[in-house]
Amino acid sequence: MIEAAKLEGHEDGQIAVTLRAATMMETFALLCRADALSHRKRQVVAALVVGLDTRAITQRLFISRYTVQDHLKSVFRKTGVRCRRELLARFSGTNETTSTARI
């Protein structure tokens with residue numbers, strides 16, 4: 001992440017720039033925006049990232065398992081991944097994907 005702020009006490013408009021590693025939440029939000037995921041699709045992916053299975057997602061989000069599957073198919077298509085494992089690798093910030101993954 002790149003952050004910038006005007007230096008206090010400097011009238012000439014000097015700016016301090018800080019570079020830091022993005023947090024997992026910042027990376028997640030950025031990927032969701034980049035892939036144009038809807039709010040509901042973000043919720044489904046977030047539930048997967050924290051380790052919930054389809055049944056637990058249906059209970060948490062009050063949707064059917066078919067709806068969960070439909071959201072996941074759409075997310076797979078938008079992100080270019082083919083399975084949950086690749087999706088988890090993409091959104092958890094790891095590089096542990098299969099050799100055919102598109103990240």
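**Exercise 1. Determine which helices the buried residues of α3 pack against, and how the residues of α3 are arranged around its axis.**

Step 1. In this predicted model, the buried residues of α3 pack against α2 (39–49), α4 (65–79) and α5 (84–92).

Step 2. Helix α3 spans residues 54–61, and its buried residues are T54, I57, T58 and L61. Viewed down the helix axis, these residues fall within an arc of 100°, so they line one face of α3.

Step 3. R55 and R60 are exposed on the other side of α3.

Step 4. After the helix comes F62, which has a positive phi, near 55°.

**Exercise 2. Classify T58 as buried or exposed, and list its contacts beyond four places in sequence.**

Step 1. T58 belongs to helix α3.

Step 2. The relative accessibility of T58 is 16%. The cut-off for buried is under 20%, so T58 counts as buried.

Step 3. A polar atom of the T58 side chain lies 2.5 Å from the backbone oxygen of R55.

Step 4. With neighbours within four places in sequence left aside, T58 is in contact with I63, S64, R65 and V68.

**Exercise 3. Describe the largest nonpolar core and the helices that supply it.**

Step 1. The largest nonpolar core has 18 residues. V45, L72, L87 and F91 have the most contacts inside it.

Step 2. At least two residues of this core come from each of α1 (24–34), α2, α3, α4 and α5.

Step 3. Take L87 as a case: not counting residues up to four places away in sequence, L87 touches V45, L48, L72, V75, F76, T79 and V81.

Step 4. As general background, nonpolar side chains in soluble globular proteins tend to be buried together.

**Exercise 4. Assign D70 to its element and its accessibility class, and give its C-alpha separation from K41.**

Step 1. D70 is placed in helix α4.

Step 2. D70 has 48% relative accessibility and therefore counts as partly exposed.

Step 3. The C-alpha atoms of D70 and K41 are 9.6 Å apart, while the two residues are 29 residues apart along the chain.

**Exercise 5. Summarise the protein chain by its elements, burial, contacts and surface.**

Step 1. The chain has five helices and two strands, in the order β-β-α-α-α-α-α from the N terminus.

Step 2. Of its 103 residues, 29% count as buried.

Step 3. Among contacts with a separation of 6 or more, 30% are between residues 24 or more positions apart.

Step 4. The accessible surface of the chain is about 7,100 Å², and carbon and sulfur atoms account for 54% of that surface.

Terms used
Residues are numbered from 1 along each chain as its sequence is written. This is a predicted model: local features need pLDDT of at least 70, side-chain atom pairs count only at pLDDT 80 or more; totals for chains, interfaces and linings use all residues. Side-chain values use heavy atoms; hydrogens and water are left out. Buried means under 20% relative accessible area, exposed over 50%, partly exposed in between (1.4 Å probe, protein chains only). Helices (H or I, at least four residues) and strands (E, at least two) are DSSP runs, numbered from the N terminus. The arc is that of the directions from the helix axis to the C-beta atoms. Contact means heavy atoms within 4.5 Å. A nonpolar core is a set of buried Ala, Val, Leu, Ile, Met, Phe, Trp, Tyr and Cys residues joined through side-chain atoms within 4.5 Å. A polar contact is a pair of N or O atoms within 3.5 Å; within protein, one must be able to donate a hydrogen and the other to accept it, and residues adjacent in sequence count only if both atoms are side-chain atoms. Accessible areas come from the Shrake-Rupley method with a 1.4 Å probe; for residues, only the protein chains shown count as cover.
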